[in-house]
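Biologist: I am new to this structure and should be grateful for a close look at a single part of it, followed by an account of its surroundings.

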Amino acid sequence: MHMANELLSVPVAAGTLGIAAGALGIICKKAKEYITSDKLALMGILGAFIFAAQMVNFQLPGMPGTSGHLVGAVLLAIILGPHLAAIVMSSIVIVQCLIFQDGGLLALGCNIINMALVPSYLGYGIYKTITIGKISRRRLYFGGLLACIISIEAGATLVPIQAFISGVLVVPLKTFLLTMVGVHLLVGIIEGLITVAVLGYLQQVRPDIVSEKLSGKVRLSKKAVLITLGAFTIITAGGLSLVASGFPDGLEWSYAQRPDQPDFKPVISNEDPRITAVDEFQSKYTPMPDYSGRDSKMGKPAKPVGTAGWTSFAGVVGSILTMCLIWLLAKLLRKNKKIHTQ
Amino acid sequence: MHHAYLDKFAYQDSPVHRLDSRVKFISLVVFTIAVLSLPRTSVSILACYAIGPFAVLAVGGIPLRFALKQIMLVSPFIAVLALSCPLYDKTAASAYFGPCAFEISQGWLRCFAILGKFVVTMLALIALVSTTPFSDLLVGLQKLGTPKLLVIQLGLLYRYIFVLIDKVQHMLRARASRKLRNLGYRQELRIASSMVGSILVRSIDTAENINIAMQGRGFDGKWRSLNKLQMHSTDWLFAAIVCCFLLILEFFIKPILI
């Protein structure tokens, strides 16, 4: 669920980057009070551990040929506490972007929110509310499973919402949302199972890790847990209502624009009534009222065929020629240098 | 996996490699914003924007095949989303390219625009990452105001990713050579989770050892680099070239093509 740059508009990307950077700044500042230099190595290595653990795959039941693996945010939050887990997960997302090129640079804000901040805090909050007090085996398993499923679902639902607010995709929000939720339900269950199994293993081998005695762990107080959960509920409710009210807004907007363009008529290529109905539905819910055939040169029927085609052709060919020139120049430069050094 | 397998080209030497990492990073951000704010229906202008990252790759001596392979590796998610556009936007549109005219739907135009932007911005990202060693990038990021804690975290993470991935690959090979058939998912899950658990225990132990070693060498929680970042004349030149490139595209090429 790594977002790419292209799914976001610049304002949304900037906004989410701002939120993520601000949150990380606050967390780092807060964590600095607890963290002595000896915790730094532990955090760095646990980050690398998550990368490594993501490579251990196992066969899924009922689906030959597919395999699941760990994502790790909740496990990390349980082991390290939410603040440190958020920092470690964010650093993982940044490295995935910069070294593995997974997810775009401007989408980093969204990715950090979806995959680091939300799962760490939400997962920890849920796990903590269930296992509060004495840790029994059943509570541990149930809490871990539920925390994984819910926190992964929460991250996954944010993806279509962010893409919808940006308005780049024409895929209806509902379809996208349902697909993401469906797919990530599966991912969440797998994540939950393996997290719980790892917790079980750790309880046998190193009970100190699970029972919060590991040095470097920063615990949240009961009050803080409740506040986190409350804040998430409010944000989720607020976000959902925003999206809900986004539908009529888009509709109004698209109607409001039409009087300016008296000649605007929706082009319907197929007269089949079912397709017409789908197209109408589409034109109502397209999140970008500003987007239509009129604006584009590529598909501009008004412009004479010749010029529109040839300018774009010239643009592409010119670019390719420039690239060839640059490539040759670079090659020559390098050759010259080799001769010099020899 | 060999250390620095993915960013093996970052340790070469070329005029681009020697540039200040801050200049490159800021140029990348500006360039990405410029590409993303292009109108969604203009496909041909993306070719002009691709000149920039291409030039950096060419001067830096990074094979284009490597860059394209990287892009292919990370593209599935966006490819699925882009290819679903034609299913939902069937408004007819005509596209012209040279002597040819096509009748396609707006969804396809949008799909091509999304994929094109993806390729161009990814090329730019690869151009940055494969011309800048990660430690230099971190120093630059720290100078640009990233919290110190996060910078140290990123540095340690980068240092140990490949070490732990190596360990896991040994374990995976051991599992593959002992487990010759599918054992049913309960057993599989148990094996996988005890593998993950044992890596976790091992990495926590390693962390303690590393911590002792670092303390022994006087580590006090500060990230130091021998690379003292300084803006040379070549850095200013690069910044000026990037500015000119983007301004020319914005004010001269864009009005013609859009």
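Biologist: Where does Val242(B) lie?

Modeller: Please note at the outset that this is a predicted model. Val242(B) lies in helix 10 of chain B, which spans residues 233–257. The residue is partly exposed, because 19 other C-beta atoms lie within 10 Å, whereas a buried residue needs 20 or more. Its C-alpha atom is separated by 57 Å from that of Gly184(B), although their positions lie 58 residues apart in the count along the chain.

The domain assignment helps to place this residue. Chain B is divided into domain 1, made of 8–132 and 230–257, and domain 2, covering 140–216. The centres of these two domains, taken over C-alpha atoms, are 34 Å apart.

Another residue of chain B gives a contrasting picture. Ser42(B) is placed in the loop between helix 1 (21–36) and helix 2 (45–60) of chain B. Ser42(B) counts as buried, because it has 20 C-beta neighbours inside 10 Å. In sequence Ser42(B) and Leu109(B) are 67 residues apart, yet their C-alpha atoms are 8.2 Å apart in space.

Chain A is the partner of chain B. It has 11 helices and 2 strands, arranged along the sequence in the pattern α-α-β-β-α-α-α-α-α-α-α-α-α. Of its 342 residues, 46% count as buried. Where contacts in chain A link residues at least 6 apart in sequence, 74% of them join residues at least 24 apart.

The contact between the two chains takes 91 residues from chain A and 103 residues from chain B. On the side of chain A that touches chain B, the elements giving two or more residues include helix 1 (10–34), helix 2 (37–53), helix 4 (82–98) and helix 7 (173–205). The largest share of that side, 17 residues, comes from helix 11 of chain A. By class, the side of chain A that touches chain B comprises 60 nonpolar, 22 polar and 9 charged residues.

A single residue shows how one of these elements takes part. Val10(A) lies in helix 1 of chain A and touches Ile33(B), Leu36(B) and Ser37(B). With 15 other C-beta atoms within 10 Å, Val10(A) is partly exposed. The C-alpha atoms of Val10(A) and Ala107(A) are separated by 9.5 Å, with the two residues 97 apart along the chain.

Several helix pairs may now be taken in turn. Two packed helices are described by the angle between their axes and the distance between the axes.

For helix 7 of chain A and helix 9 of chain B (residues 185–216), the axes come within 8 Å and cross at roughly 60°. These two helices are therefore oblique to each other, and helix 7 of chain A passes helix 9 of chain B in a right-handed crossing. Among the residues that meet here are Leu193(A), Ala197(A), Tyr201(A) and Val205(A) from helix 7 of chain A, and Leu189(B), Arg190(B), Ser193(B) and Gly197(B) from helix 9 of chain B. By class, this contact has 12 nonpolar, 3 polar and 1 charged residues.

A second pair across the chains is helix 4 of chain A with helix 8 of chain B (residues 148–178), whose axes come within 9 Å and cross at roughly 60°. Helix 4 of chain A and helix 8 of chain B are therefore oblique to each other, and their crossing is right-handed. The contact includes Ile87(A), Ser90(A), Ile94(A) and Val95(A) on helix 4 of chain A, and Leu149(B), Gln153(B), Leu157(B) and Tyr158(B) on helix 8 of chain B. The residues of this contact divide into 10 nonpolar, 3 polar and no charged.

Helix 4 of chain A also packs within its own chain. The axes of helix 2 of chain A and helix 4 of chain A come within 9 Å and cross at roughly 55°. That makes helix 2 of chain A oblique to helix 4 of chain A, in a right-handed crossing. Among the residues making this contact are Met43(A), Leu46(A) and Phe51(A) of helix 2 of chain A, and Leu84(A), Ile87(A) and Ser91(A) of helix 4 of chain A. This contact divides into 8 nonpolar, 2 polar and no charged residues. Ile87(A) thus appears in the contact of helix 4 of chain A with helix 2 of chain A and in that with helix 8 of chain B.

Methods
Residues numbered from 1 in each chain as written. Chains lettered and ligands numbered in written order. Predicted model: local features only at pLDDT ≥ 70, side-chain atom pairs only at ≥ 80, totals over all residues. Contact = placed C-beta atoms within 7 Å. Helix = DSSP H or I, 4+ residues; strand = E, 2+ residues; numbered from the N terminus. Nonpolar A, V, L, I, M, F, W, Y, C, P; charged D, E, K, R; others polar. Buried ≥ 20, exposed ≤ 12 C-beta atoms within 10 Å, placed from the backbone. Axes fitted to C-alpha atoms, helices over the stretch in contact; angles between N-to-C directions. Parallel < 35°, antiparallel > 145°, perpendicular 65-115°, else oblique. Left-handed = near helix turned anticlockwise from the far one by under 90°. Domains from an automatic or database assignment. Lists of a residue's contacts leave out its neighbours within four places in sequence.
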